[in-house]
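Dear colleague,

I am passing on a structure that you have not worked with before, and my notes on it follow below. Please keep it open beside this message as you read.

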Amino acid sequence: MNLINVESISKAYGPKPLLDSVSLGLDDDDRVGVVGRNGGGKSTLVAILARATEPDGGRVTHARGARIGYLTQRDAFPEDATVRSVVLGDRAEHEWAGDTRVRDVLGGLVADLELDAPIAGMSGGERRRVALARLLVPESDLLVLDEPTNHLDIEAIAWLAGHLKARRTALLVVTHDRWFLDEVTERTWEVVDGKVERYEGGYSAYVLAKAERARIAAATETKRQNLLRKELAWLRRGPQARTSKPKFRVDAAQALIADEPPLRDSVELTKFATARLGKTVFDLEDVTVRLGERPIFDRLTWQLGPGDRIGLVGVNGSGKSTLLRLLDGEVTPAAGRVVRGKTVQLAHLSQNLEDLDPSRRVLESVEEIRRRITVGKREWTASQLLERLGFPGDRQWTPVGDLSGGERRRLQVLRLLMGEPNVLLLDEPTNDLDIETLTELEDLLDGWPGTLVVVSHDRYFLERITDRVAALLGDGRIAMLPGGVDEYLARRASGQATTSRAAAAASAPAAAPAAAKPKGGGDWKARKELDRLERRLDKLAKQQAELHEKLAEHATDYGKLQELDGRLKALQAEAAEVEEEWLMLAEDVG
């Protein structure tokens, strides 16, 4: 049955149309992934299909009585909303408790949240899970999901993929998570230059079909075709799960990748890395790190060597970012020592965008670091690398203050690489990056000789650029996982990993009962002040999230962007001060 049909729809938010005379349809058994560059019209397309946005021209027709669930990128809730009121509404307990699907959704997404807990003050990941639960509890004929994996950890993404595969509802999903696309979709729409190109199969099949089209048509875009060939080589030679995809036609791919060199010459890169770094990079010896009274790492011993390419996984709050800050020297251990190699030149990409001069041009902000670098055996200029990461010639002269969040992220990554570090710490580097930019970044990192530690919820990215996976399982240690992300998920499912909340609860009884009681008026006041600072940090985080949304809304209004950017910097500065005050007070109380 046809659920949605659109005829000659058009939509523009400026002189260049995002969609131009697009006609397509969705049936009740379709499972479609939507891909394309940031700002290319993906979200606009699905919003029009869901009738959340009206097209400038053309017609949208829905089947009579079609039940459509639509998840936007913004998770909006009433001010006094609780998990129960949002997800279950006024359903009686006996009604939803007897529904297998509802119990599955609650258990998979919000099991660690109290049903009567207020949503105000929750983290971005918790709010996203509540929004997904609200969408998945009712019956639907079609689910329209715009970036459903945003703010989710690897475990939640795996659960969502499994749930959607088992729930044979029609599906339309926009996401940059390529593993997720391969798991849940059977067709791909690429939004490009105002049109929608259609392909059979998930992401792997889309990459192959696109490369075949380019080969048959003798495309002149050599760079784009070479990237697709390299991506195909990864899909063919990567983890076994890649090659076993039923939609991935291995025989047809052989002709395209026959002459493609290996993604990485690991032996050669390790040799280069050793020459640049020596034998010692980081040695952690009996390191203990605490956050207030809770130990994040307990007598941790770990060695990071030259040429190591480590993907770091773990539940939110398990200490992944703290480990990177420990290596960077931002966090001082309470006990033990961190030995850093004498030749280490470290670059750390954090989740927060660095403070860049908004008046400087994009090219200038890169060239002030270095004008050219050598990656692998090739020399690149700053301008060439900017073009590879999505800044064509005219865009390189744009003021930094006019860039979107995704563009600033790309610029931040490139500035780090231009410094030619020999150790890279990357904390969620894929945030706000589209698939084309991700493949360019992966290609750059393939030939980068050095030590690499990556924290990411993008499973595809981790498997693509790292050689080994390490996990923080909530026991204060680092576990190396020969089985990669699949082994981590298996350990989580079997209860071998502890959530951050459980770890916090488990650490509380470790102290003697008398120690848990206030020692005096001063101690009681200090704990009360800690609570006040925590509430202030939550409020500041919420205000920053709201400002980020407003920045996206006013991406073309330079005056408004300057005003919002100023307010955001003031909030970030205040949050840094409050956090520093909290840490100092926590040490005294602890």
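Which residue in β4 is the bridge partner of Ile4? The partner is His62, although please bear in mind throughout that this is a predicted model.

That pair leads to the strands themselves, since β1, which covers residues 2–12, is joined to β4 by five bridges, the two strands running antiparallel. Both belong to an open sheet of three strands, ordered β2-β1-β4 and paired in antiparallel fashion. At the edges of this sheet are β2 (17–27) and β4 (57–62), each of which pairs on one side only, and from one strand to the next the twist averages 10°. In general, the strands of a sheet pair through backbone hydrogen bonds, in either a parallel or an antiparallel way.

The sheet also has a helix against it: α1, made up of residues 42–49, lies across β1, β2 and β4, and runs at about 130° to β1.

Elsewhere in the chain numbering, I looked at a pair of helices, α6 (residues 154–166) and α19 (residues 484–493), which pack with their axes 10 Å apart and at an angle of about 85°. Because angles of 65 to 115 degrees count as roughly perpendicular, α6 and α19 are described as roughly perpendicular to each other. On the α6 side the contact involves Ile154, Glu155 and Ala158, which meet Val485, Leu489 and Arg492 in α19. Sorted by character, the residues of this contact comprise four nonpolar and two charged ones, with no polar residue among them.

With best wishes

Technical notes:
Residues numbered from 1 in each chain as written. Predicted model: local features only at pLDDT ≥ 70, side-chain atom pairs only at ≥ 80, totals over all residues. Heavy atoms only, no water. Pairing = 2+ DSSP bridges. Helix = DSSP H or I, 4+ residues; strand = E, 2+ residues; numbered from the N terminus. Axes fitted to C-alpha atoms, helices over the stretch in contact; angles between N-to-C directions. Contact = heavy atoms within 4.5 Å. Parallel < 35°, antiparallel > 145°, perpendicular 65-115°, else oblique. Nonpolar A, V, L, I, M, F, W, Y, C, P; charged D, E, K, R; others polar.
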